[in-house]
Amino acid sequence: MLAIPLAALGAWYAAGAVTRRNPLRAWAALVWALAPALLLAIGQGRLTSVIVHLTLPWA
């Protein structure tokens, strides 16, 4: 349940390294959180893929 908001949060902070404009950061967070790879991994129960998607922006 928390994977999508956590993905958005990670993308928000990762986008902050590139830009300080809030609309661009929000767009990046939305696109990353609703990426088909994450949604399919959640739907299929692939825990490893979900964890990788959540931690990739922090890398």
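A contact here means heavy atoms within 4.5 Å. With that in hand, welcome to this predicted model, a protein whose secondary structure comes to 4 helices and 0 strands. Of the contacts with a separation of 6 or more, 50% are between residues 24 or more positions apart. Here is a quick tour, from the overall fold down to single residues.

**Overall fold and dimensions**

- Read along the sequence, the helices give the pattern α-α-α-α.
- The radius of gyration is 11 Å, which agrees with the value near 10 Å that a compact globule of 59 residues would have.
- Along the principal axes, the C-alpha atoms fill a box of roughly 35 × 20 × 15 Å.

**Burial and surface**

- Of the 59 residues, 29% count as buried.
- The protein exposes about 4,200 Å², and carbon and sulfur atoms supply 72% of that area.
- A nonpolar surface patch of about 780 Å² is made by M1, L2, L6, L9, Y13 and W58.
- One of the patch residues, L6, has its place in helix α1, which covers residues 3-16.
- Is L6 buried, partly exposed or exposed? L6 counts as partly exposed because its relative accessibility is 43%, and the partly exposed class lies between under 20% for buried and over 50% for exposed.

**The nonpolar core**

- In soluble globular proteins, nonpolar side chains tend to be buried together.
- Which residues make up the largest nonpolar core here? There are 7 of them: A3, A7, A33, L38, A41, V50 and L54.
- Helices α1, α3 (36-44) and α4 (47-55) each supply at least two residues of this core.
- Core residue L38 is a good place to start looking: not counting residues up to four places away in sequence, L38 touches A3, I4, A7, W32, A33, V50 and H53.
- Among those partners, A3, A7, A33 and V50 also belong to the largest nonpolar core.

**A buried arginine**

- R25 sits in helix α2, which spans residues 22-33.
- Is R25 buried or exposed? R25 has a relative accessible area of 10%, so it is buried, since buried means under 20%.
- Which residues does R25 contact once its neighbours within four places in sequence are left aside? They are W12, Y13, A15, G16, T19 and R20.
- One of these partners, Y13, also helps to make the nonpolar surface patch described above.

Conventions: Residues numbered from 1 in each chain as written. Predicted model: local features only at pLDDT ≥ 70, side-chain atom pairs only at ≥ 80, totals over all residues. Heavy atoms only, no water. Patch = residues over 30% accessible without salt bridge, like charges linked within 9 Å, V, L, I, M, F, W, Y side chains within 5 Å. Areas by Shrake-Rupley, 256 points an atom, 1.4 Å probe, with all protein chains shown as cover. Salt bridge = Lys/Arg side-chain N within 4 Å of Asp/Glu carboxyl O. Buried < 20%, exposed > 50% of the residue type's maximum accessible area, 1.4 Å probe, protein only. Core = buried A, V, L, I, M, F, W, Y, C linked by side-chain atoms within 4.5 Å. Rg over C-alpha atoms; globule rule 2.2 N^0.38 Å.
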